[in-house]
Amino acid sequence: MEMSSEIYDCIVIGAGIQGSAGQKQFVLPHSRGSSHGQTRVIRKTYEEDFYVQMMQESYELWAQLEREAGNGEGFSHLKATMQRHKIPTVFLEKQEFSQHIPNVNLTDGNGALIDTHAGVLYADRALRAVQVNKIWLQTSLLKAPFTLSREYGHFLVKINVCYWKEKIPGTYSVGQRFPCFIEMESKEGEYDIYGLPSNEYPGLMKVSDRRDTEPDERDKQTDRGDIDILVRYVTRCLPGLVPVPAVVESCMYMVTPDRNFVLDSHSTYGNTIIGAGFSGHGLKFGPIIGKLLSQLAMGQVPSYDLSPFRIQRFMPDRHFESKSIQ
Ligand SMILES: Cc1cc2nc3c(=O)[nH]c(=O)nc-3n(C[C@H](O)[C@H](O)[C@H](O)COP(=O)(O)OP(=O)(O)OC[C@H]3O[C@@H](n4cnc5c(N)ncnc54)[C@H](O)[C@@H]3O)c2cc1C
């Protein structure tokens with residue numbers, strides 16, 4: 001790479017949602033990272049106080065970005081939903097659930113926690129909006145000063161994002177107010193299964209799970225075990241879908257042992273700020289992560305307590321609890 005003699009106050013490496021939100025710039029998204037594709041789940045339902053507090057502000061910052069970008073159908077839907085519902089979450093037993101959300105076979109004995117603030121976050125539009133004020137263009141691959149290592153229990157996850165055809169178009173659509181969902185502890189598989197209403201591809205609903213992988217194995221997959229899990233799940237729970245995926249797209253993300261992010265300074269190179277390990281649920285936090293990373297980079301006091309996100313927590317004797325992702 002050609003060396004530059006120019007001096008910068010701050011250089012952002014990596015132009016996914018987090019790098020772009022930290023310092024708006026211009027590059028196209030690509031499918032080797034995590035921020036491409038059209039949609040993500042956005043929600044406030046987290047067990048940890050710190051995520052709920054961060055999401056309060058994240059919603060405000062997404063709304064501000066929507067106003068600045070001047071184009072935000074998805075965000076308008078979210079706002080309308082928030083206005084319609086006074087109570088943030090509602091628990092529905094199986095019977096009530098079917099009355100409110102038809103065409104889903106909930107497992108016997110299960111209920112559903114409805115986050116009335118949750119919805120679809122248009123990831124591709126969000127990334128474009130964040131990147132729209134180009135500051136500089138950088139396409140070089142820089143030597144990473146930090147890697148999240150398997151030594152501390154980090155692992156890579158491959159997602160086969162599957163789209164399933166509706167037998168009757170619109171059954172599970174945004175127009176019908178069909179919700180995003182996360183099925184925890186499904187009968188079919190080890191990991192959570194999540195879905196988003198049909199929207200980005202007309203007549204196709206996104207329902208996916210995940211599998212652990214190695215980066216170089218991503219394009220060589222012959223084992224279809226994860227897709228078979230989804231076929232069984234769709235057959236049992238979503239009878240309005242054809243139980244064969246119409247489109248399969250694969251992508252990857254890094255998962256930390258406790259599923260919490262890394263937002264910290266490098267222990268040796270203190271002027272290097274690290275935002276990583278978003279563990280498959282980071283996009284909804286984009287504006288607030290960008291703000292926190294730029295505060296760290298500029299030597300300001302971060303607006304949130306960053307102790308849950310310190311690198312130091314990945315010491316071999318620490319115990320980590322697993323939790324839901326998306
Ligand atoms: C299938 C899938 C579904 C998801 N669903 C949800 C969801 O429902 N809700 C939610 O909130 N989140 C979700 N996520 C997670 C969310 O998308 C990620 O947390 C977020 O996009 C991470 O953004 P990032 O900027 O950290 O990473 P990335 O988008 O991967 O961006 C990092 C960038 O850095 C570049 N880069 C890497 N190394 C170097 C280097 N050495 N030099 C220069 N550039 C470099 C890469 O090329 C890339 O462009 C999902 C992720 C996936 C893959």
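Buried means under 20% relative accessible area, exposed means over 50%, and partly exposed is what falls in between. I start there because those three words come up throughout this talk, and Asn103, with a relative accessible area of 37%, is partly exposed. Please keep in mind that the model is predicted.

Let me begin with the whole chain. Its secondary structure comes to seven helices and 12 strands. The chain has 326 residues, and 47% of them count as buried. The surface it exposes is about 17500 Å², with carbon and sulfur atoms supplying 52% of that. Now the contacts: among those with a separation of 6 or more, residues 24 or more positions apart account for 73%.

One pair shows what a long separation looks like. Phe155 and Met254 are 99 residues apart in sequence, yet their C-alpha atoms are 5.9 Å apart in space. Phe155 lies in strand β5, residues 155–166. Phe155 has a relative accessible area of 16%, so the residue counts as buried.

Next, helix α6, which runs over residues 225–237. The helix has 13 residues and reaches 18 Å from its first C-alpha to its last, close to the 18 Å expected at 1.5 Å a residue. Which residues of α6 are buried? They are Asp226, Ile227, Ile229, Leu230, Tyr233, Val234 and Cys237. These residues sit on the same side of α6, because they cover an arc of only 150° around the axis. And what covers them? The cover includes β5, β6, β7, β8, β9 and β10. So β5, the strand that holds Phe155, is part of that cover.

Helix α7 is next, at residues 286–297. This helix has 12 residues and reaches 16 Å from end to end, C-alpha to C-alpha, close to the 16 Å expected. How many of the residues of α7 are buried? Nine of the 12 are, and the helix is mostly covered. Among them are Gly286, Pro287, Ile288, Leu292 and Leu296. Just after α7, Gly299 takes a positive phi of about 75°.

One of those buried residues, Ile288, brings us to helix α2, residues 49–69, where Glu57 lies. Leaving aside neighbours within four places in sequence, Glu57 is in contact with Ile288, Lys291 and Tyr304. With Tyr304 there is a polar contact, side chain to side chain, at 2.8 Å. Is Glu57 buried or exposed? Glu57 counts as buried, because its relative accessibility is 17% and the cut-off is 20%.

Now back to phi. Most residues other than glycine have a negative phi. Two residues here go the other way. Asn103, which is not a glycine, has a positive phi of about 70°. Asn103 lies in the loop between α4 and β3. Arg259, also not a glycine, has a positive phi of about 65°. Arg259 is found in the loop between β10 and β11. Asn103 is partly exposed, whereas Arg259, at 8% relative accessibility, counts as buried.

Last, the cysteines. A disulfide is a covalent bond between the sulfur atoms of two cysteines. How many disulfides does the count come to? The count comes to zero, where a disulfide needs two cysteine sulfur atoms within 2.5 Å. Cys162 is buried, with a relative accessible area of 0%. Cys180 counts as buried too, at 18%.

Note on methods. Residues are numbered from 1 along each chain as its sequence is written. This is a predicted model: local features need pLDDT of at least 70, side-chain atom pairs count only at pLDDT 80 or more; totals for chains, interfaces and linings use all residues. Side-chain values use heavy atoms; hydrogens and water are left out. Buried means under 20% relative accessible area, exposed over 50%, partly exposed in between (1.4 Å probe, protein chains only). Helices (H or I, at least four residues) and strands (E, at least two) are DSSP runs, numbered from the N terminus. The expected span of a helix is 1.5 Å times one less than its number of residues. A polar contact is a pair of N or O atoms within 3.5 Å; within protein, one must be able to donate a hydrogen and the other to accept it, and residues adjacent in sequence count only if both atoms are side-chain atoms. Contact means heavy atoms within 4.5 Å. The arc is that of the directions from the helix axis to the C-beta atoms. Accessible areas come from the Shrake-Rupley method with a 1.4 Å probe; for residues, only the protein chains shown count as cover.
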